[in-house]
Amino acid sequence: MAKVMIVDDAAFMRIQIKNMLSKNGYEVAGEAENGMMAVERYKELKPDVVTMDITMPEMSGLDALREILKIDSNAKVVMVSAMGQEAMVRDAILSGAKGFIVKPFKEEGIIAAIKKLC
């Protein structure tokens, strides 16, 4: 199964996604709480897929996405955003994100998005 890195500044959101992925047989390679940490952890962990929140302190998910793609042009990053952030989602897709998940999400949505990339 794919190794997934979860990036979100909200601990409860990381736990929720981690539980959903683990229950469905995915390995959670690691977590990061902001975009800057995400870039560093990506270099270390080399996950198959990254779930990336858009709005975070220190470095946004969009900036982290761009940095990760500089490191690995084949990186598979799925953006996770709240309702009403359509413009940011569009920017993310244009920047190279492979998909997006809208909060609040259901387990099936997360699993379908990850499965599609693996």
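This passage describes a helix and its surroundings, two buried strand residues, a residue of the last helix discussed, the salt bridges and a surface patch. The structure is a predicted model.

Helix H1 comprises residues 11–23, a total of 13 residues. From its first C-alpha to its last, H1 reaches 18 Å, which is close to the 18 Å expected at 1.5 Å a residue. Five residues of this helix, Met-13, Arg-14, Ile-17, Met-20 and Leu-21, are buried. When H1 is seen down its axis, the buried residues fall within an arc of 130°, and they therefore line one face of the helix. This arrangement may be read against the general geometry of helices. An α-helix has 3.6 residues a turn, so residues three or four places apart point the same way. The face of H1 turned away from the buried side carries the exposed residues Phe-12 and Lys-23. The cover over the buried residues of H1 includes strand E1 (3–7), strand E2 (27–32), strand E3, strand E5 (99–103) and helix H5 (107–117). Just after H1, Gly-25 adopts a positive phi of about 85°.

Strand E3 spans residues 49–53 and contains Thr-51. Thr-51 has a relative accessibility of 0% and counts as buried, because the cut-off for a buried residue is a relative accessible area under 20%. With neighbours within four places in sequence left aside, Thr-51 is in contact with Val-4, Met-5, Ile-6, Val-7, Ile-17, Val-78, Val-80 and Ile-114. Among these partners, Ile-17 is one of the buried residues of H1, and Ile-114 is placed in helix H5.

Ile-114 likewise counts as buried, at 0% relative accessibility. Its contacts, leaving aside neighbours within four places in sequence, are Val-4, Leu-21, Tyr-26, Val-49 and Thr-51. Of these, Leu-21 is a buried residue of H1. Ile-114 and Val-4 are 110 residues apart along the chain, yet their C-alpha atoms are separated by 8.5 Å.

A further buried position is found in strand E4, which covers residues 77–82 and includes Ser-81. The relative accessibility of Ser-81 is 1%, and the residue counts as buried. Not counting residues up to four places away in sequence, Ser-81 touches Ile-54, Val-89, Ile-101, Val-102 and Lys-103.

Charged side chains were examined next. Side chains of opposite charge can pair when their charged atoms come close. The structure holds 9 salt bridges. In one of them, the side chains of Glu-31 and Lys-18 meet at 3.6 Å, N to O. Glu-31 lies in strand E2 and Lys-18 in helix H1, so the pair ties together parts that are 13 residues apart in sequence. Both residues are partly exposed, Glu-31 at 21% relative accessibility and Lys-18 with a relative accessible area of 34%.

Other pairs lie within a single helix. In helix H2 (residues 35–45), Glu-44 and Arg-41 are 3 residues apart, about one turn of the helix. Their side chains meet in a salt bridge of 3.6 Å, N to O. Glu-44 counts as exposed at 56% relative accessibility, whereas Arg-41, at 25%, counts as partly exposed. In helix H3 (residues 61–71), Glu-67 and Lys-70 are also 3 residues apart, again about one turn. The salt bridge between Glu-67 and Lys-70 has its closest N and O atoms 3.0 Å apart. Here Glu-67 is partly exposed at 29% relative accessibility, and Lys-70 is exposed, with a relative accessible area of 64%. In addition, salt bridges that share partners join Asp-8, Asp-53 and Lys-103 into one network. Lys-103 of this network is also one of the residues touched by Ser-81.

The surface also bears a nonpolar patch, formed by Ile-93, Phe-100 and Val-102. Together these residues present about 230 Å² of accessible area. Ile-93 is placed in helix H4, which spans residues 86–95. With a relative accessible area of 37%, Ile-93 is partly exposed. Val-102, another member of the patch, is among the residues in contact with the buried Ser-81.

Terms used
Residues numbered from 1 in each chain as written. Predicted model: local features only at pLDDT ≥ 70, side-chain atom pairs only at ≥ 80, totals over all residues. Heavy atoms only, no water. Patch = residues over 30% accessible without salt bridge, like charges linked within 9 Å, V, L, I, M, F, W, Y side chains within 5 Å. Areas by Shrake-Rupley, 256 points an atom, 1.4 Å probe, with all protein chains shown as cover. Salt bridge = Lys/Arg side-chain N within 4 Å of Asp/Glu carboxyl O. Helix = DSSP H or I, 4+ residues; strand = E, 2+ residues; numbered from the N terminus. Buried < 20%, exposed > 50% of the residue type's maximum accessible area, 1.4 Å probe, protein only. Contact = heavy atoms within 4.5 Å. Expected span 1.5 Å × (residues − 1). Arc of directions from axis to C-beta.
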